[in-house]
Number of protein chains: 4
Amino acid sequence: MPTVSVIYFSGSGHTTKLAEAVHQGAASVAGVKTNLIAINGDDIVKGRYHNDDVFTKLDASDAIIFGSPTYMGGPAAQFKAFADATGGKWYAGEWRDKIAAGFSVSSSPSGDKFSTLQYFFTLAMQHGMIWVGLGEMPMQANGINRLGGFSGVMAQAGQEPTDVAPNATDKLTGELLGKRVAQYAVKLKR
Amino acid sequence: MPTVSVIYFSGSGHTTKLAEAVHQGAASVAGVKTNLIAINGDDIVKGRYHNDDVFTKLDASDAIIFGSPTYMGGPAAQFKAFADATGGKWYAGEWRDKIAAGFSVSSSPSGDKFSTLQYFFTLAMQHGMIWVGLGEMPMQANGINRLGGFSGVMAQAGQEPTDVAPNATDKLTGELLGKRVAQYAVKLKR
Amino acid sequence: MPTVSVIYFSGSGHTTKLAEAVHQGAASVAGVKTNLIAINGDDIVKGRYHNDDVFTKLDASDAIIFGSPTYMGGPAAQFKAFADATGGKWYAGEWRDKIAAGFSVSSSPSGDKFSTLQYFFTLAMQHGMIWVGLGEMPMQANGINRLGGFSGVMAQAGQEPTDVAPNATDKLTGELLGKRVAQYAVKLKR
Amino acid sequence: MPTVSVIYFSGSGHTTKLAEAVHQGAASVAGVKTNLIAINGDDIVKGRYHNDDVFTKLDASDAIIFGSPTYMGGPAAQFKAFADATGGKWYAGEWRDKIAAGFSVSSSPSGDKFSTLQYFFTLAMQHGMIWVGLGEMPMQANGINRLGGFSGVMAQAGQEPTDVAPNATDKLTGELLGKRVAQYAVKLKR
């Protein structure tokens, strides 16, 4: 059975909400096992991330979806610490041919989220992974992909409470990405 | 007297409106000469751009501001044809130390405009130019930088008439970039 | 039977050599139909590309591999004219779920080829395509991926004759990308 | 007197060597004060960087040059932790109009160093800083800019001892960037 994992960092809880939506989309696909994994600051010592349980789950995954707020024009340092900790996997080629995708949250509509998604893509390419983007037209009548992201999901949240932002359509956009990734995981596992 | 040139391509006229605003901002700075230059499709033969008058003006400029709609995730081919035609300037180092900046228009809030601005930056760096970004906080109460661009100006326009989009605050954002670039042109010419 | 198309622009012939290698790699996979398509400057009028035969072939392809030299920090204008001409396909979602990949040639080892590959990726994401990178470790003993590209293939060629540059290992790297894309085309067509 | 600061992270010592070269270039310009500041992992707790002395120095600088190895396709997490800690400066606009530049080291010629430089640029643009690139032609006879970077300095170092890599010409390239940035600091301070 194909496994899809969502691994993300959230500082204020907004990215957690989006991660849950992406995870829910993946879990809605029949015959798919899923993991929802938060990057915990406690696992980062002097800028280096260690957590064997997390890597055991990711190694056993067919698809890994990366998530982070956009902080100062890129992924949060906590996410980057996780990414740097994948160096051993890179060297051994262990994540080659896994599926990758990504999502990011920031307070303004554009707000350099594209830069964060580009980084996720670059990380995935270092690993020889296959990248699956959103695949939804922008600014649909129902609000899906209202911000016009393509490489992955972009959602907006500032100082609002986490039950308000990201809003329902941003979360629905996240759900669609999770579903799409899971469908590809099924297809490539056949 | 320092000279600031705005060079842009516009397909539907929306980028022309933004270019005019950027140009107006530059022209508002005392002691600055300005040029507003449209890239004309007629000057492109088999994908190659030729126009000696345009290059005479740009060669004599202290700052060059690049503008284009974002088409299929990057600058319009017409702009790229212009950029490719600067190869001789690159080889001779003729644009080294000029100031550069940029703006882009697309129909959705984010819509890969960041990719177009990144390209403008990369082009400027090939030439050894100095990059001046927007320098305005995002989502200001008056609408300035409402989309959250930093590397340059992002404006939104779809199928609306050109007197409606880009809207007044997007044009004001453009004006601020033009002004900022002109101020740097003055500073560096001293 | 899955079809893999290589579509590229070449100014000096070096990119043609790399395109042929990528195409050969794809054609080496059993049960795959291939096309090798050059973008012709004659098909570009005022910066706009038109060629119905080319689009008929691409529409019928399961995978499309993009190729261009890196000119002034990005894809050649001729390639961009082709990319802009895919706007109708984008609007209709016709290329959604096709596989995409890319390669670029420039005269220095790094030389902003990464920027061109990023653009190819951004274009593919606009279309909702699936991106397959190189998946080879850098600087292998046999010269494969000697420049350290991951998102796609990077090759080096300056003023040398086209039978000298790109060199044999850069072409072998291209071949491996073509093969990998074709294998994914087979897998996803099952 | 204008102040130029070099702030960098180094894991294996190779980036330290390049940082020293960049610093030396800046210090060679008459009438310029300089700082060479290493990011220390001990200052990072749970992924967050704190060091008031470092920020006191940077706040008082006219130019800040960013340096990091390229780890997994982007700046080291330790550098990103520093970058995230500048959020308060961003909010207050304290670094607006400072000069920015950057350098990166990785083991292969290209090796996604462009991605790290793009991130440095994006960070600088969030702050409203002015970006100064390398401004040197690629692959010069004396080895300057042998890798073909433009946005900043690219240097190569793998497992070699730090007295061997980065090599003399990569360090000379770094020196030229430091000098160029310092010259702009003088010009803009006049």
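Two residues are in contact if their C-beta atoms, placed from the backbone, lie within 7 Å. Keep that cut-off handy for the exercises below, and remember that this is a predicted model.

**Exercise 1.** Work out how many residues of chain B are in contact with chain C, and which elements of chain B they come from.

*Solution.* Start with the count: 25 residues of chain B are in contact with 25 residues of chain C. Next, sort chain B's side by element: helix 3 (77-84), helix 4 (87-92) and helix 5 (113-126) each give two or more residues. Helix 3 of chain B brings the largest share, 6 residues. Finally, split that side by class, and you get 10 nonpolar, 10 polar and 5 charged residues.

**Exercise 2.** Find the turn and the shift that lay chain D on chain A, and say what kind of axis relates the two copies.

*Solution.* The superposition takes a turn of 180° with a shift of 0.0 Å along the axis, and the RMSD comes out at 0.0 Å. The two copies are thus related as by a two-fold rotation axis. Now check the interface: 100% of chain D's interface residues are interface residues in chain A too, so the copies meet through the same surface.

**Exercise 3.** Identify the residues that touch the most other members of the largest nonpolar core, then list the contacts of B:V181 beyond four places in sequence.

*Solution.* That core holds 248 residues, and the best-connected members are A:V181, B:V181, C:V181 and D:V181. For B:V181, drop the neighbours within four places; the contacts left are B:V4, B:A26, B:A63, B:I65, B:I99, B:A101 and B:V132.

Conventions: Residues numbered from 1 in each chain as written. Chains lettered and ligands numbered in written order. Predicted model: local features only at pLDDT ≥ 70, side-chain atom pairs only at ≥ 80, totals over all residues. Core = buried A, V, L, I, M, F, W, Y, C linked by C-beta atoms within 7 Å. Buried ≥ 20, exposed ≤ 12 C-beta atoms within 10 Å, placed from the backbone. Least-squares fit on C-alpha atoms with pLDDT ≥ 70 in both. Helix = DSSP H or I, 4+ residues; strand = E, 2+ residues; numbered from the N terminus. Nonpolar A, V, L, I, M, F, W, Y, C, P; charged D, E, K, R; others polar.
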